[in-house]
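Me: I've got a model open and would like to go through its side-chain pairs with you. Keep it plain, please.
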Number of protein chains: 2
Amino acid sequence: MQNFVYDIPTKVYFGPDQLSHLGEELKKFGTRVLLTYGGGSIKKTGLYDRVVAEIERAGLTLFELSGIEPNPRITSVNKGVALCREHKIDVLLAVGGGSTIDATKFIGAGYYHDGDAWDLLSDKTPITNCLPIVTVLTLSATGSEMDAGGVISNLETRDKIGRGHPAMRPKVSFLDPTATYTVGPYQTACGAADILSHLMETYFNADGSLYMLDRMMEGLMETVVHAAPVALAEPENYEARANLMWASSWAINGFTRTCQTCEWSCHPMEHELSAFYDITHGLGLAILTPRWMEHVLDEESAPHLARFARSVFRVDAALPDREAAREGIARLSAFLFDTLGLKSTFTALGIDDTHFAEMAKKACGGGVLQGYRPLRPADVEAIFRACL
Amino acid sequence: MQNFVYDIPTKVYFGPDQLSHLGEELKKFGTRVLLTYGGGSIKKTGLYDRVVAEIERAGLTLFELSGIEPNPRITSVNKGVALCREHKIDVLLAVGGGSTIDATKFIGAGYYHDGDAWDLLSDKTPITNCLPIVTVLTLSATGSEMDAGGVISNLETRDKIGRGHPAMRPKVSFLDPTATYTVGPYQTACGAADILSHLMETYFNADGSLYMLDRMMEGLMETVVHAAPVALAEPENYEARANLMWASSWAINGFTRTCQTCEWSCHPMEHELSAFYDITHGLGLAILTPRWMEHVLDEESAPHLARFARSVFRVDAALPDREAAREGIARLSAFLFDTLGLKSTFTALGIDDTHFAEMAKKACGGGVLQGYRPLRPADVEAIFRACL
């Protein structure tokens with residue numbers, strides 16, 4: 001394991017009726033607030049009205065950017081940057097899911113960059129700073145509410161790129177599980193798949209973790225497997241929604257991956273998928289993950305995959321490692337495609353092999369994808385084919 | 001579960017060779033540093049010299065308070081407060097274990113109180129603020145390096161009292177597992193017992209937790225049971241020392257107990273024990289905990305105790321709850337008294353029942369101890385007797 005610096009100062013208000021603290025928290029950063037959100041579902045649920053009322057009660061000046069897309073686009077980011085400059089914004093308030101929060105992070109970072117915000121994603125220019133961000137979360141999935149990164153799509157270049165900077169970590173996040181009661185079964189399922197994937201990408205790393213963090217990740221994965229079916233069956237089950245919400249933050253806030261340089265495997269592959277086809281991130285991950293596991297299962301990885309199977313899916317401790325690993329993959333597939341009801345193949349999404357070669361090359365960044373096991377473009381293409 | 005605010009901003013440098021960052025972190029708070037430490041073991045190990053060298057390299061002005069006791073005393077705290085005023089201290093640097101850090105927290109809080117610092121512990125005066133605290137940890141046990149509380153003894157009044165305030169949480173802590181290589185088997189064992197107790201006190205609560213946090217606590221408890229024997233057998237096993245150190249912080253930094261008002265059971269009993277007999281905190285907890293479990297085991301608590309037994313000690317899943325609970329208590333005892341080699345009875349420590357009645361009354365705060373199960377003075381006395 002490596003030395004690390006743990007520095008996750010995001011303050012979280014968890015539970016219903018915490019929005020009464022929104023004004024006091026925003027005020028710490030200034031008086032001019034840019035509220036960012038997506039397609040307007042927060043207007044239907046009444047959350048928009050509650051947020052605006054709190055901002056008015058606090059005497060703050062409100063500006064708005066709506067229409068942030070799922071798989072948020074650089075065009076929205078640049079629009080937000082322009083608004084921040086025009087209105088001398090002090091603090092950004094993202095109300096929504098990971099897409100809205102991710103876009104807001106790059107609005108905040110783009111504010112400090114003289115030029116197209118895409119420069120910060122294409123690595124032309126390093127991120128140096130970010131306007132302070134407060135979030136009100138409406139979807140348990142990406143963990144963007146407590147992490148320091150974000151992912152932005154560029155439809156022109158067919159790129160979907162993730163970058164981060166400590167200043168992009170939200171200062172304060174409001175997590176109200178009841179705000180996810182209206183999230184439908186498909187988005188709930190995709191969110192659960194996303195959370196699970198964040199944990200698996202870190203849990204299966206080649207760099208050596210800490211026993212303690214592995215055990216805590218197993219507990220988090222077990223939580224997703226436990227809570228997601230309850231949330232699907234009873235959308236207003238507070239306990240289930242609360243577990244998914246808090247797990248989404250801890251799956252990716254950085255705590256579990258402190259002591260390793262862990263390169264992820266499924267996320268880079270999925271990013272190509274949604275860059276080319278604009279599908280839901282969690283769905284892409286769900287389809288890819290079991291195939292990736294099959295691809296990397298060998299003598300060396302079998303004990304690790306078996307431990308996952310036994311801890312998270314309670315696979316019989318008496319089974320030999322390789323069998324336990326296979327059984328774990330089968331139970332994961334059953335969880336994702338039967339219990340969560342997600343589509344299990346690319347074909348079912350209307351995706352064929354047209355772009356596989358190009359996507360595979362891009363996923364490997366022009367070289368080798370250094371994940372749990374090194375993946376060459378041919379490996380990635382084979383995994384894509386197994387998903388058909 | 002209750003609403004909560006998660007706010008744990010302590011920055012942690014973890015690993016060897018991180019002290020090169022000490023100067024830059026101290027400087028954020030000012031230039032006049034009061035270094036606090038205990039009996040001088042840090043001089044023998046060379047840690048003192050390294051810390052002083054870093055302070056000098058950063059051009060800071062150093063003052064010192066040494067001789068802070070195990071079970072630190074209010075007399076040391078008041079001495080420290082006087083030094084802070086005399087030398088216009090900007091930042092406190094505690095180098096040591098929980099005792100040194102706890103005393104330092106009350107030095108920092110006492111600085112803002114006009115009068116005897118004991119007023120802050122006896123509840124005569126609320127804690128309002130604290131000088132910034134940086135710590136360099138040398139013992140994995142109390143978790144004081146990342147929490148917002150501390151415990152101070154008053155030998156005159158035979159009181160040992162814990163209090164906390166958000167401002168008392170260390171701003172930065174340096175956790176170097178190699179700094180605990182020289183910790184002997186007895187202190188290593190007592191530290192492990194203390195960490196385990198913090199987790200058990202929270203895990204066994206009457207107020208309803210979150211599934212996710214219960215699973216993560218099980219992972220942390222499993223970590224202690226896994227790592228402590230390795231650290232005893234191989235004092236310079238980095239992985240074992242690292243697991244104990246990071247687990248000590250997470251056992252009690254507040255993360256696991258956010259969504260419950262959890263009143264602890266064994267700690268209040270142990271505080272009376274060490275207030276009367278000045279024994280090591282972790283040893284007192286080790287002796288008390290299995291007896292307390294036996295005392296509270298009933299039909300209602302059996303499933304909870306059984307889950308603990310199965311998760312932490314891998315007790316056979318097929319055993320009925322009550323038997324599994326008993327087996328868990330037996331394995332916990334074997335862990336504490338055989339594996340860790342701690343003394344198992346009060347008698348072995350030369351403690352008899354002379355003060356049991358008084359200690360039991362004090363542990364219940366003059367009323368009922370509202371822990372996992374309500375404990376009246378007669379209950380506490382019975383638990384004390386079972387420890388003879």
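Reply: One term before we start: by relative accessible area (1.4 Å probe, protein chains only), buried means under 20%, exposed over 50%, and partly exposed in between. The model is predicted, so local features need pLDDT of at least 70 and side-chain atom pairs count only at pLDDT 80 or more, while totals for chains, interfaces and linings use all residues. Residues are numbered from 1 along each chain as written, chains are lettered from A and ligands numbered from 1 in written order, and side-chain values use heavy atoms, without hydrogens or water.

Me: OK, how many salt bridges over all chains?
Reply: There are 38 over all chains, counting a side-chain nitrogen of Lys or Arg within 4 Å of a carboxyl oxygen of Asp or Glu. One of them pairs Glu218(A) with Arg307(A), with 3.1 Å between the closest N and O atoms. That pair links distant parts of the chain, 89 residues apart: Glu218(A) sits in helix H8 (residues 211–233) of chain A and Arg307(A) in helix H12 (residues 302–313) of chain A. Helices (H or I, at least four residues) and strands (E, at least two) are DSSP runs, numbered from the N terminus.

Me: Is Glu218(A) buried or exposed?
Reply: Glu218(A) is buried, at 5% relative accessibility. Its partner Arg307(A) is partly exposed, at 27%.

Me: What does Glu222(B) form a salt bridge with?
Reply: Glu222(B) bridges to Arg314(B), the closest N and O atoms being 3.0 Å apart. Glu222(B) is in helix H8 (residues 211–233) of chain B, whereas Arg314(B) is in the loop between helix H12 (302–313) and helix H13 (321–339) of chain B, so the bridge ties together parts 92 residues apart in sequence. Glu222(B) is buried at 11%, and Arg314(B) is partly exposed at 48%. Glu222(B) also bridges across to Arg307(A), where the closest N and O atoms are 3.7 Å apart.

Me: And Arg331(B), which residue does that one pair with?
Reply: Arg331(B) pairs with Glu327(B), at 2.8 Å between the closest N and O atoms. The two are four residues apart in helix H13 of chain B, so about one helical turn separates them. Both ends are partly exposed: Arg331(B) has a relative accessibility of 31% and Glu327(B) one of 30%.

Me: Which residues do shared partners join into one network?
Reply: Arg215(A), Glu218(A), Arg307(A), Glu222(B) and Arg314(B) are joined into one network by salt bridges that share partners.

Me: Let's do the contact between the chains, then. How many residues does it take from chain A and from chain B?
Reply: It takes 38 residues from chain A and 38 residues from chain B, with contact meaning heavy atoms within 4.5 Å. Between the two chains there are two salt bridges.

Me: Which elements of chain A give two or more residues to the side that touches chain B?
Reply: They are strand S1 (4–6), strand S2 (11–14), H8 and helix H9 (238–250) of chain A. H8(A) has the largest share of that side, with nine residues.

Me: Switching topic: how many disulfides over all chains?
Reply: Zero over all chains, the cut-off being two cysteine sulfur atoms within 2.5 Å. Cys190(A), for instance, is in no disulfide, and the nearest cysteine sulfur, in Cys387(A), is 15 Å away. Cys190(A) is buried at 2%. In chain B, the sulfur of Cys190(B) is 15 Å from the closest cysteine sulfur, in Cys387(B), which is too far for a bond. Cys190(B) is buried too, at 3%.

Me: Last one, Lys105(A): where is it placed?
Reply: Lys105(A) belongs to helix H5 (residues 98–110) of chain A. At 0% relative accessibility, Lys105(A) counts as buried.

Me: What is Lys105(A) in contact with, leaving aside neighbours within four places in sequence?
Reply: Its contacts are Cys130(A), Ile133(A), Ser144(A), Asp147(A), Ala148(A), Gly149(A), Met168(A) and Pro170(A). A polar atom of the Lys105(A) side chain lies 2.7 Å from the backbone oxygen of Gly149(A).

Me: How far apart are Lys105(A) and Lys79(A)?
Reply: Lys105(A) and Lys79(A) are 13 Å apart in space, C-alpha to C-alpha, and 26 residues apart in sequence.

How values were computed
Polar contact = N/O pair within 3.5 Å; in protein donor to acceptor, adjacent residues only side chain to side chain.
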